[in-house]
Amino acid sequence: MSGTLTFIEPAEEHAELLLDWRTRPDIAGQMLTKVPYDVERQKAWLRRCAERDDYVHRILCVDGVPAGHVSITVTEPEWRIATIGVLMGERAGRMGAAPLNFAYMLNHVFFAMGLRKVVNHILGTNSPRLLKGQPMIGYRPVGVLKRQVVKDGQEIDLHIFEMLAEDWLAVRDRFRIYQDMDGREWR
């Protein structure tokens with residue numbers, strides 16, 4: 001596999017890069033929310049993110065070059081449940097080792113953050129490969145909310161997947177990635 005993966009904390013200097021990715025039509029169409037192209041607003045969002053204890057995000061770098069944005073949001077602190085978000089802004093983020101970013105993220109969720117469950121919502125407009133690949137990673141399909149999301153007048157299905165910490169422990173050896181997003185090793 002090509003490409004060394006590293007993760008860096010986003011700073012205000014990354015605002016324009018993140019916004020360029022996030023507002024690109026091919027990416028924006030796969031996201032649940034829509035954001036305006038406003039660099040100052042993006043910088044303010046990055047400042048707010050740095051103060052949160054329920055949100056962890058990083059810029060995914062391939063061979064040191066920014067390729068995407070990944071995030072973990074604690075949705076139910078009392079129940080220790082999170083959701084994961086991934087946005088690949090550059091082709092390098094979809095090639096070689098980069099698609100294994102989920103392993104670093106899941107190690108971060110279950111070990112670094114001590115959470116017990118991940119529940120993800122994926123728009124039906126995403127690649128069929130993405131949806132079919134979730135069970136191979138260890139996610140259990142929960143179901144599909146038919147025509148749940150309305151974007152630009154189009155009704156879109158919302159696919160729900162979940163994973164418990166023990167589900168990840170049962171499959172993670174096949175990926176042979178034991179580091180979290182900050183490079184800490186969890187064996």
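**Exercise 1. The second largest pocket**

About 300 Å³ of space lies in the second largest pocket of this structure, which is a predicted model. Find which residues line this pocket closest to its centre, and which elements each supply at least two lining residues.

*Solution.*
Step 1. Take the lining, which has 18 residues. Those closest to the centre of the second largest pocket are E9, Y55, V56, H57 and R58.
Step 2. Assign elements. At least two lining residues come from each of α3, β2 (55-62) and α4.
Step 3. Sort the lining by class. The second largest pocket has nine nonpolar, seven charged and two polar lining residues.

**Exercise 2. V56, a residue of that lining**

State where V56 sits, whether V56 is buried or exposed, and which residues V56 touches.

*Solution.*
Step 1. Place the residue. V56 belongs to strand β2.
Step 2. Apply the cut-off. Buried means under 20% relative accessible area. V56 has 16% relative accessibility, so V56 counts as buried.
Step 3. List the contacts, skipping residues up to four places away in sequence. V56 touches V70, S71, I72, H108, M113 and M181.
Step 4. Check one long-range pair. V56 and V109 are 53 residues apart along the chain, and their C-alpha atoms are separated by 9.5 Å.

**Exercise 3. The largest pocket**

Give the volume of the largest pocket, then describe its lining by position, element and class.

*Solution.*
Step 1. Start with volume. The largest pocket holds about 2,000 Å³.
Step 2. Look at the lining, made up of 47 residues. Closest to the centre of the largest pocket are M31, G85, V86, L87 and N126.
Step 3. Collect the elements that give two or more residues to this lining. The helices are α1 (15-23), α2 (25-28), α3 (39-51), α4 (101-112) and α5 (128-137). The strands are β3 (65-76), β4 (81-88) and β5 (117-123).
Step 4. Sort by class. The lining of the largest pocket divides into 21 nonpolar, 16 polar and ten charged residues.

**Exercise 4. How α1 meets α3**

What is the relative orientation of α1 and α3, and which residues in the two helices meet?

*Solution.*
Step 1. Read the geometry. The axes of α1 and α3 are 9 Å apart, and the helices pack at an angle of about 110 degrees.
Step 2. Apply the cut-off. Angles of 65 to 115 degrees count as roughly perpendicular. α1 and α3 are therefore roughly perpendicular to each other.
Step 3. Name the residues. From α1 come A15, E16, L18 and L19. From α3 come V39, Q42, K43 and L46.
Step 4. Sort by class. The contact of α1 with α3 has five nonpolar, two charged and one polar residue.

**Exercise 5. Two aspartates with an unusual sign of phi**

For D63 and D152, give phi, the loop and the exposure.

*Solution.*
Step 1. Recall the background. Most residues other than glycine have a negative phi.
Step 2. Read the values. D63 is not a glycine, yet has a positive phi of about 50 degrees. D152 is also a residue other than glycine, with a positive phi near 50 degrees.
Step 3. Place both residues. D63 is in the loop between β2 and β3. D152 is in the loop between β6 (140-151) and β7 (154-164).
Step 4. Judge exposure. Exposed means over 50% relative accessible area. D63 is exposed at 52%, and D152 is exposed at 75%.

**Exercise 6. T4 and its contacts**

Where does T4 lie, and what does T4 touch beyond four places in sequence?

*Solution.*
Step 1. Place the residue. T4 is in the segment before β1 (5-8).
Step 2. Judge exposure. T4 has 51% relative accessibility, so T4 counts as exposed.
Step 3. List the contacts. T4 touches C61, V62 and D63. D63 is the exposed loop residue of Exercise 5.
Step 4. Check a distant pair. T4 and R187 are 183 residues apart along the chain, with C-alpha atoms separated by 20 Å.

**Exercise 7. G124 in its loop**

Is G124 buried, partly exposed or exposed, and which residues does G124 contact?

*Solution.*
Step 1. Place the residue. G124 is in the loop between β5 and α5.
Step 2. Judge exposure. G124 has a relative accessible area of 33%, so G124 is partly exposed.
Step 3. List the contacts, leaving aside neighbours within four places in sequence. G124 is in contact with I156, D157 and H159.
Step 4. Check the distance. G124 and I156 are 32 residues apart in sequence and 6.1 Å apart, C-alpha to C-alpha.

Notes:
Residues are numbered from 1 along each chain as its sequence is written. This is a predicted model: local features need pLDDT of at least 70, side-chain atom pairs count only at pLDDT 80 or more; totals for chains, interfaces and linings use all residues. Side-chain values use heavy atoms; hydrogens and water are left out. On a 1 Å grid over the protein atoms alone, a cavity is a set of points where a 1.4 Å probe fits but cannot get out, and a pocket is an open set with protein on both sides within 12 Å along at least five of seven lines; lining residues have an atom within 4 Å of a point. Grid points are joined across faces, edges and corners, and a volume is the space filled by probe spheres set on the points. Ala, Val, Leu, Ile, Met, Phe, Trp, Tyr, Cys and Pro count as nonpolar, Asp, Glu, Lys and Arg as charged, and the others, Gly among them, as polar. Axes are lines fitted to C-alpha atoms, for helices over the stretch in contact, and angles run from 0 to 180 degrees between N-to-C directions. Angles under 35 degrees count as roughly parallel, over 145 as roughly antiparallel, 65 to 115 as roughly perpendicular and the rest as oblique. Contact means heavy atoms within 4.5 Å. Buried means under 20% relative accessible area, exposed over 50%, partly exposed in between (1.4 Å probe, protein chains only).
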